[in-house]
Amino acid sequence: METRRYPALIVNREAVYENTCKLVDWCDENGIFVAGVIKGFNANRAACEEEIRGGVKMLASSRLEHLSDVKEWGLKNIDGVDMPTLLIRMPMLSEIDDVVRIADYSLNSEMATLDALDAAAAKQGRTHSVILMTDLGDLREGWFEEQDLIAAALHTENDLDNLYLAGIGTNLGCVGSIMPNKDKMEELAERATAVETAIGRTLDIVSGGASTSLMPMFDGVMPSKVNMLRLGESIPISLRDQLGTTHDRYPIGELRQDCFTLAAEIIELNTKPTYPIGEIGADAFGRKREYIDRGNRKRVILAVGRADYGDTYDIIPELDGAIIWGASSDHTILDIEDVAAEIRDNLKVGDILTFKVRYAAMMHLSSNKLTVHQYEE
Ligand SMILES: *Cc1c(COP(=O)(O)O)cnc(C)c1O
C-alpha cells in the first residue's frame, strides 16, 4: 500500500459499486433510469467510475467544474458511449457558453436562459438538451403554474431550433422540505401529459426528483410516466438521516455505509481533566459552550478539524466508545476513556483513527484536495 498522508478521505470502490447496482436495479424494476449526482463528493473520480460501472445513465452536478472533469477524463458508459452529463442547477447567464460545451443536458426554469442557451448552441453548432422544471410546492426552482410550463415548452419546441426539449422534471424535499408522495408524483405525470398534448409528441424524460423520491417508488405508488431519478446522497450515504427510524422499512436499509471514510492521525495522547481550568469565555468559533466535569479522562488529539469536515455532528468515530469532546479548525479531541481497555491502552501517537461521514462531511472533506488527501480502496 502507498504511504498515506493524513487527514485522508478514503473511497471504497466496491461499496459505491454495490450501492449503485442495488439502486439502479430497484429503479429499473420500476421503469426508472438513474442519473448519478456527483456534487456531494465533488466528482471524486473513483466514485464517478463506480457509479458508471453500477449502471447510472448520466452523471449530474450543480457545478460545471464537476462535469468538466467527467468530460476531461473521457468517462464512457457501460456501452462505451461518452457519459452524458446533466447540469442540475439552472445555468447562470455568465456560464452559458460553457454549459453548452460541457453539459449535454441542463435543468431550466427561465425563458431568458433558454433563449441564451439556444443562441450559444447555435454559435457552437450543437444541439443542447433541456429538461424544464416545474415547482410542485417545494418552492425552489421551476415554473409554478402549469400554463407557464406549457408556454416554456412550446417556446422551446417551436422557436428554439438549437435546443432539444428532452423532458420535464421537479425537485422536492429540498428548501421547502416537501415530501415526494403519490399526489406529487401524479401531479408531475399529469403535467408531463399536458406538455405532451401541447407539443404533439411524447417526452423522453420525466424526472421525478432526488433521492427522497425513492420513497414513493418503494411504496409502489410511482406513476409509470416518471422514468428518471437524480440520485445523489442515497448512493454513497444511504438516507439514514432523512428517514430516521423508518429507514430500515425500506430496502435502502441494506445499502453499505462505508463508501467514504475519514482517517486521521493521533498527534497527542494523554489523560486530562474534562472541565477547563480558568475563566470560561468563548471557544475558537466564538461560541459559549457548557462543560461537564467528568473528572480526568483519557483522550487523543487528531490532526483534523472543522476546516476539513465542517461540524463534528457530521463525523462518527468508528472506535467503539469514543466520543468527540471538542474540535477547532485543525484539531479534533476524542474522549477514549470508555473504549475497551485492551484497545484504548494500546493506542499511541501516530496511530490512525477512522470516522463514518454524513453527507455534509463528505461534501466538505472532498472539496479540499490540498489538505485532505484522497485515496481509494
Ligand atoms: C442535489 C440535487 C439532486 C440530488 O439530491 P440527493 O438528495 O443528494 O439525491 C437532485 N436534483 C437536484 C436538482 C439537485 O440539486
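In this predicted model, K272 pairs with E268 in a salt bridge, with 3.3 Å between the closest N and O atoms. Neither end of the pair is hidden away: K272 counts as partly exposed at 32% relative accessibility, and E268 is likewise partly exposed, with a relative accessible area of 27%. Elsewhere, salt bridges with shared partners string R13, E14, R45, E49, E50, R53 and E376 together into one network.

Searching the whole structure turns up 28 salt bridges. One of them brings the side chains of R256 and E18 together, at 3.2 Å from N to O. R256 sits in the loop between α10 (240-243) and β10 (260-273), while E18 belongs to helix α1 (residues 13-29), so this bridge ties together parts of the chain that are 238 residues apart in sequence. As for solvent, R256 is partly exposed, its relative accessible area being 24%. E18 also falls in the partly exposed class, with a value of 33%.

A more local case is found in helix α4 (residues 96-102), which holds both R101 and D98. These two residues form a salt bridge whose closest N and O atoms are 2.8 Å apart. They are three residues apart, which amounts to about one turn of the helix. R101 is partly exposed, with a relative accessible area of 46%, and D98 counts as partly exposed too, at 33% relative accessibility.

Turning to helix packing, the pair to look at is α5 (residues 111-124) and α6 (residues 146-159). Their axes come within 11 Å of each other and cross at roughly 15 degrees. Angles under 35 degrees count as roughly parallel, and α5 and α6 are therefore roughly parallel to each other. The crossing in which α5 passes α6 is right-handed. On the α5 side, the contact is made by M111, L114 and D115; on the α6 side, by A151, A152, H155 and T156. Sorted by class, the residues in this contact come out as four nonpolar, two polar and one charged. The nonpolar ones are M111 and L114 from α5, along with A151 and A152 from α6. The charged one is D115 of α5, and the polar ones are H155 and T156 of α6.

Definitions and conventions. Residues are numbered from 1 along each chain as its sequence is written. This is a predicted model: local features need pLDDT of at least 70, side-chain atom pairs count only at pLDDT 80 or more; totals for chains, interfaces and linings use all residues. Side-chain values use heavy atoms; hydrogens and water are left out. Axes are lines fitted to C-alpha atoms, for helices over the stretch in contact, and angles run from 0 to 180 degrees between N-to-C directions. Helices (H or I, at least four residues) and strands (E, at least two) are DSSP runs, numbered from the N terminus. Angles under 35 degrees count as roughly parallel, over 145 as roughly antiparallel, 65 to 115 as roughly perpendicular and the rest as oblique. A crossing is left-handed if the near helix is turned anticlockwise from the far one by less than a right angle, and right-handed if clockwise. Contact means heavy atoms within 4.5 Å. A salt bridge is a side-chain nitrogen of Lys or Arg within 4 Å of a carboxyl oxygen of Asp or Glu. Buried means under 20% relative accessible area, exposed over 50%, partly exposed in between (1.4 Å probe, protein chains only).
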